[in-house]
Amino acid sequence: MRLSADVLIVGGGIQGCSAALFMARRGADVLLVEKNSVGRHASGVNAGGVRRLLRDPAEVPLSVEAMKIWLGLEALVEADCGFKVSGQVAVAADAAEWDELSARAARMAELGWTHEELIGPDELYDVLPALVPGCLGGLIARGDGFASPYHTTMAIRAAAIRTGARVVEGVRATGFKREGGRWQVASSAGVLEARVLVNTGGAWGGAVAEALGEPVPLVPSAPMMMVTAPVPAFCEPVVIGVHRALSFKQAQNGTVLIGGGHLGVPDTVAETSSVDLRKLVISARTVAELFPVMRSAAIVRTWSGIESRLPDGIPVIGPSSTEADAFHAFGFSHHGFQLGPVVGRILSELVLDGGTNLPLHPFRIERFR
Amino acid sequence: MARLDAVVIGGGPAGLAAASVLAAQGARAVLLDEQPAPGGQIYRAVETASPALLKLLGDDYSWGAGLVDRLRASGAEWRPGSTVWQVTPDREVWVSRDGRSELLQAGVVVVATGAIERPVPIPGWTLPGAMTCGAVQILLKTAGLVPEGAVLAGSGPLLYLVAAQCIAAGARPAAILDTATADNARAARRHLPRALKGAIGRATLMKGFMLQAQIRASGTEWYRRVTDLVLEGTEAVEAVRFVYRGREQRIATGLVALHEGIIPNQQITRSLDCAHQWDAAQRCFRPTLDAWGNTSLPGILVAGDGGGIVGARAAEHAGRIAAAEALRQLGRLDAAARDRLAAPDRAGLAAQLAVRPFLDALFAPPAAVLRPADDVVVCRCEAVRAGAVRDVVAQGCLGPNQAKSFLRAGMGPCQGRMCGPVVCELIAEARGVGLDEVGYYRIRPPLKPVTVAELAGVSLDAEA
């Protein structure tokens, strides 16, 4: 194995694989190393929401741009990613939630965004006929949807490799230093050498930043999911809660995926996580309450995956504040999947052009100094 | 949340013995089992079996009645119809009964979930009319039903036992298609001296000879060294095709009972992430245990076939040994008292195990079943074929969990029980590495499906 490259990407989730793909498409010499296997953690096991709805305003420009890439992603990677535009709806079950959604709609209109639309109860029940009576309305993003996270990440990996990127799994980067204007990265496969270093390490990205002298308060977490046996079709869009921790969607095969931010227990050393069944009891109660039709659905599997959160709930994306020729994109705080393709493009622009047109200021790493 | 000294999961010989000893020594012990009556698979419904059925099924079956009597006398609480769907490393046991789930907190958990029949993926095995020898025996034990004109295919002690029991019940099988190879017999010969050394080994082998003699005397067609088994049919099994002495044969039948031995049911210990190891002799994974049945997690013990196939009598000894250790962990016995309590069972267990290497070698499953051809379905829930597993390995898939993500193999309601062993073998073969390196599925709760309403209805500590 050749251990040098122009660009070394550390971390083989959707962010790293997308970066490898967009850079390789422009002819860059890219080496991606992944300590485990591609898509092993957050990128492979997340709920698969392709969502602009209710994102932090700082993320909206990126998310809107990402959605444009998503619409052509399956053609770009020449593979089925399970992507479907189903719409996503946030449901207001009480007055406080309705007030929040109304304020959100006003704020988005003010900022000039048009993808989120406030709907009253009539239209809400047209879209979600199985919803428990008494809900007040919702916020809908009709162009949002979902995809299969593992297939998407693996398809991007395969496309990157076809385009000329080298993707090496089972190699752990352990030490980072710069000598004579080149990165010398110690790894389980020997010293990796590159002009540019890109950190897309997910929950392990904080360790890389720390090695570069710019620690961030990244906290590992383990969002949990449950999936049911197939039930008759009752729900077209992805449903998310406002104050209730809930997200769920029915796949084409009839199974229902229930997520929503209840957290299990991560172990970043053993690289495993475990579910907290007590919290899944709460999650089941929310589902049973809002969608009575779901009460008889059989849960066949639950799981959790290791992700990570930053205190302000948005990622670090941009150049290192301490080292030249180093860039970060990690800490996506449970909602990085949809951003993956655009972050890959942004990283390719940062590395190959020295800048991007998308507003990255809110994501700068210096904010944690 | 109910607090108990010991929760024993599984009411077969190991669980019956463990729960009886625990309760007899004063521990508050609960025995959970999915079935309506104690006995597990081997002694299923033994309490209610008619004299005629007891005679038909023989002494090895009626032996279980004594175990059940001891359980009833011990004071252990027997909870039938209980489906354990999760056990945590903190020894919380989530169990469903009559559509309601509850949470039990155990001081120690003894996992006595026994064995499952090894999946036998051959062309056509998913057709109605293809069943397992174990399923035939369940019908016999619970309903007194015997199949007419069935073909029994595969190998292993259970296959011969079921054949003999069908014959005794007046329903001679249409044929036995024996897949044990000549290599097996050669490999087994090496273990014969040890098997013959003890009285128990000699008795076991004698029983085997008697069974075979009974089958031969009945005039049942018995094809040995059969290969290339295929079940034919469109809606259901119509015939079985096979190669015998180099020639293809075909037998018309609507019912084929398959069997290639049994393997540990590792779902609970896998979901707990206990250490496991590949057992090359038995061609299966088993949890790594010490001499007392301790897993790699404190307070979680395994007894019986769930820790590696040992047979019913050995499982009973292992259950009592694990119970003695559990009593020590609960502070009811010191180490010396534990050793004294377990001593007779240690000797009994050793005597039972002497014949095991011989049996393992003699009935080793054929390669075609371990690693089926590309067009054979391996995951029944998601209809994934062996070729698809080989394809994803070629695309860079390194282990069963990635195969699961790629193909959905193992994602169905059976939680990978049916496809796990085969998928792992296929990946090991395609990668050219050992099974320990390939590993196994991560098993996620629930171990058995539970409805949203039932999960929502579990009463948590703060509310209790």
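In this predicted model, chain B holds an open sheet of five strands whose order is E8-E15-E9-E10-E11, with parallel pairing. Its edge strands are E8 (130–132) and E11 (222–223) of chain B, each of which pairs on one side only. Chain B also makes a contact with chain A to which chain B gives 20 residues and chain A gives 24 residues, and part of the meeting between the chains is a strand pairing, in which E20 (residues 298–304) of chain A runs antiparallel to E22(B) over two bridges.

**The parallel sheet of chain B**

- Within the five-stranded sheet, strand E9 (residues 151–155) and strand E10 (residues 175–178) of chain B are paired in the parallel sense, and four bridges connect them.
- In this pairing Ala153(B) has Leu177(B) of E10(B) opposite to it.
- Helix H5 (residues 157–168) of chain B packs on the sheet, where it touches E9, E10 and strand E15 (256–260) of chain B, and the direction of the helix makes about 155° with that of E9(B).
- Since angles over 145 degrees count as roughly antiparallel, the angle of about 155° means that H5(B) and E9(B) are roughly antiparallel in direction.

**The contact between chains A and B**

- On the side of chain B that touches chain A, helix H15 (400–407), strand E22 (450–451) and helix H18 (452–456) of chain B each supply at least two residues.
- Of this side of chain B, the largest share is that of H18(B), which contributes four residues.
- By residue class, the side of chain B that touches chain A consists of 14 nonpolar, four polar and two charged residues.
- In the antiparallel pairing of E20(A) with E22(B), Ile299(A) is found opposite Val450(B) of E22(B).

**Helices H14 and H15 of chain B**

- Helix H14 (residues 386–394) of chain B and H15(B) have axes that come within 10 Å of each other and cross at roughly 110°.
- Because angles of 65 to 115 degrees count as roughly perpendicular, H14(B) and H15(B) are described as roughly perpendicular to each other.
- The residues that meet are Ala388(B), Val389(B) and Val392(B) on the side of H14(B), and Ala403(B), Phe406(B) and Leu407(B) on the side of H15(B).
- This contact of H14(B) with H15(B) is made up of six nonpolar residues, with no polar and no charged ones.
- H15(B) thus takes part in the packing against H14(B), and H15(B) also supplies at least two residues of the side of chain B that touches chain A.

**Chain A as a whole**

- The secondary structure of chain A amounts to nine helices and 23 strands.
- The radius of gyration of chain A is 21 Å, close to the 21 Å given by the globule rule for 369 residues, so chain A is as compact as a globular protein of that length.
- The C-alpha trace of chain A spans about 65 × 45 × 40 Å along its principal axes.
- Of the 369 residues in chain A, 53% are buried.
- Among the contacts in chain A with a separation of 6 or more, 72% are between residues 24 or more positions apart.

**A small antiparallel sheet in chain A**

- Three strands of chain A form an open sheet in the order E3-E8-E4, and their pairing is antiparallel.
- The edge strands here are E3 (49–50) and E4 (84–85) of chain A, each pairing on one side only.
- E4(A) and strand E8 (residues 145–146) of chain A run antiparallel and are joined by two bridges, and Val85(A) has Gly145(A) in E8(A) as its bridge partner.

**Backbone exceptions in chain B**

- Most residues other than glycine have a negative phi, and most peptide bonds are trans.
- The peptide bond from Pro445(B) to Pro446(B) is cis, with omega near -5°, and Pro446(B) has its place in the loop between helix H17 (435–438) and E22 of chain B.
- Arg91(B) has a positive phi, near 65°, and lies in the loop between strand E4 (82–87) and strand E5 (92–97) of chain B.
- With 20 other C-beta atoms within 10 Å, Arg91(B) is buried, because the cut-off for burial is 20 or more.
- Asp273(B) also has a positive phi near 65°, and its place is in the loop between helix H9 (267–271) and strand E17 (276–279) of chain B.
- With 16 other C-beta atoms within 10 Å, Asp273(B) is partly exposed.

Methods. Residues numbered from 1 in each chain as written. Chains lettered and ligands numbered in written order. Predicted model: local features only at pLDDT ≥ 70, side-chain atom pairs only at ≥ 80, totals over all residues. Pairing = 2+ DSSP bridges. Contact = placed C-beta atoms within 7 Å. Axes fitted to C-alpha atoms, helices over the stretch in contact; angles between N-to-C directions. Nonpolar A, V, L, I, M, F, W, Y, C, P; charged D, E, K, R; others polar. Parallel < 35°, antiparallel > 145°, perpendicular 65-115°, else oblique. Rg over C-alpha atoms; globule rule 2.2 N^0.38 Å. Buried ≥ 20, exposed ≤ 12 C-beta atoms within 10 Å, placed from the backbone.
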